[in-house]
Amino acid sequence: MVTARAHTNIALLKYWGKKDINLILPYNDSISLTLDHFYTDTSVEFDPSLKTDELLVDQQPSAGSGAKRVKRVLNLIRKLGDSTMFASVHSTNHVPSTAGLASSASAFAALASAGAKAAGLNLSERELSILARHGSGSASRSIFGGFVQWHAGHDDQSSYAQPIQRNVDWDINLITVLVDTSQKKISSTNGMQSVVETSPFYPAWVKSAQADVKPMQTAILNRNLATLGELAEQNAMRMHATTFGAVPSFTYFQPQTLAILTAVRNMRKQGVECYSTVDAGPNVKIICASSDNELIMHKLSKIVHQDQLLVCKPGPGITYL
C-alpha cells in the first residue's frame, strides 16, 4: 500500500472549458498556486484477491461520476503496468468537496501518485501530471508545489503541467473566505460545458486568458504582487462573465460573494494591496501579503464570521506518507 498527499491549488489564470472532453484538454493554458491548507491523503493497494475496485472517500463507499473518474485513472495505471489486478483506494479529503475549493485537484493528484507507485511504476513528474489530468484537469497542477503552469497542448502527451517557481520565497498568501461549503448546484464540469456550447462571450474569454499567460509568468518571476493580483482578478471576473452569457444563464456568486468582492475593491482604493479571485463556486480567495492579513480579516469580519476566514500559504507538491 502506498499513501500520497496532494494539496489543492488556486488557479490565478483559470481553466474553464475543454476542447477535448475525453482527454480533458483545455482551450487555454492556466497558472496556479498550490496551497498548504487544503489537501487529500489517498492510499492505494493493488490486491490479487479483489474481484473489483474498492473506493472509500472519507470512509464512505463512493459511486457516480467521481467513482467512474477514479476507475479511468486506475485503468490507465493498469495499462501502463501491464496488470489486471483490482485496487483498494482509501481517500480522505481535508477540503470540502464540490464547493469550488479544488477538492478534485488534490484528490486525483494524490490518486495518480499513490496508484502509480503502488503499481511499481516509476513515472516522471510530467507523466504523473498527464495521468492526474485524466481524473481532473486541475489535478495536473497539484503534482507540483508553488506556482505551476498547465500547458493546454493538442493531444494527450502535450497537455501537462510544470512548475514556474517551486519554492515561493516572497511574501504572498491567500485568505480563503468560506461563503458556502455545500455542494454546488451546477458542477464545474457541467458549468464549463454549458458556457463553451452556449455563451457568446466564450471565444473572447479564451483569447484573453491565453494573452494573460506571459504577463503572469513575468509577474511571478519578478515577485510583483500588484501585477499578479490585477491579472488574477481580471481573469476571474471575465471567466464568471461567461456564465451570465450562457443559455440558460447562471452564476456561482452569492450575496456574500458580491459583498466580499466590493470590500476588496474598497480596501484597494484605501491603499491596501489585495485582490480577489473566485473559482467555480461562491468562495472568494484574496491574494495579498501576509503583512496585511490582520487588517483585511478585520474588514471582512463585518461581512462573515471569523471562522469562515482561513489563511493559506504556498504549499508543496506531492509527498508520500
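# A tour from glutamine 149 outwards

Start by selecting glutamine 149: setting aside neighbours within four places in sequence, its contacts (heavy atoms within 4.5 Å) are Asp29, Ser30, Ile31, Tyr160, Ala161, Gln162, Ile164, Val213 and Gln217. Before going on, note that this is a predicted model, where local features need pLDDT of at least 70, side-chain atom pairs count only at pLDDT 80 or more, and totals for chains, interfaces and linings use all residues. Residues are numbered from 1 along each chain as its sequence is written, and side-chain values use heavy atoms, with hydrogens and water left out.

**Stop 1: around glutamine 149**

Glutamine 149 belongs to strand 8; strands (E, at least two residues) and helices (H or I, at least four) are DSSP runs, numbered from the N terminus. Is glutamine 149 buried or exposed? Its relative accessibility is 6%, so it counts as buried (under 20% relative accessible area; exposed is over 50% and partly exposed in between, with a 1.4 Å probe and protein chains only). Now show its side chain together with that of aspartate 29: the two make a polar contact at 2.9 Å. That term means a pair of N or O atoms within 3.5 Å; within protein, one must be able to donate a hydrogen and the other to accept it, and residues adjacent in sequence count only if both atoms are side-chain atoms. For a long-range view, add leucine 12, which is 137 residues away in sequence and 9.9 Å away in space, C-alpha to C-alpha.

**Stop 2: strand 4 and its partners**

Select residues 30-47, which make up strand 4; 14 of its 18 residues are buried. Strands pair if DSSP finds at least two bridges between them. Strand 1 (residues 2-13) runs antiparallel to strand 4 and is joined to it by 10 bridges; one to display is valine 2 with valine 44. Strand 7 (residues 86-94) is also antiparallel to strand 4, with nine bridges, and here phenylalanine 46 stands opposite alanine 87. Strand 8 brings us back to the first stop: four bridges join it to strand 4, again antiparallel, and serine 30 has tryptophan 150 as its bridge partner.

**Stop 3: aromatic rings**

The structure holds five aromatic pairs. Rings of Phe, Tyr and Trp (its six-membered ring) pair if their centres lie within 6.5 Å; planes under 30 degrees apart are stacked, over 60 edge-to-face and the rest tilted. Select phenylalanine 147 and tryptophan 170: with centres 5.8 Å apart and planes at 15°, the pair is stacked. Phenylalanine 147 is in strand 8 (residues 147-151) and tryptophan 170 is in the loop between strand 9 (160-165) and strand 10 (173-177), so the pair ties together parts 23 residues apart in sequence. Both phenylalanine 147 and tryptophan 170 are buried. Next, compare phenylalanine 250 and tyrosine 252, an edge-to-face pair at 5.6 Å centre to centre and 90° between the planes. Trp16 joins Phe250 and Tyr252 in one aromatic cluster.

**Stop 4: the nonpolar cores**

Keep Trp16 selected. Which residues touch the most other members of the largest nonpolar core? Among its 46 residues, they are Trp16 and Leu111. Such a core is a set of buried Ala, Val, Leu, Ile, Met, Phe, Trp, Tyr and Cys residues joined through side-chain atoms within 4.5 Å. Helix 2 (residues 103-118) gives this core its largest share, eight residues. A second, separate core has 27 residues, including Trp170 from the stacked pair.
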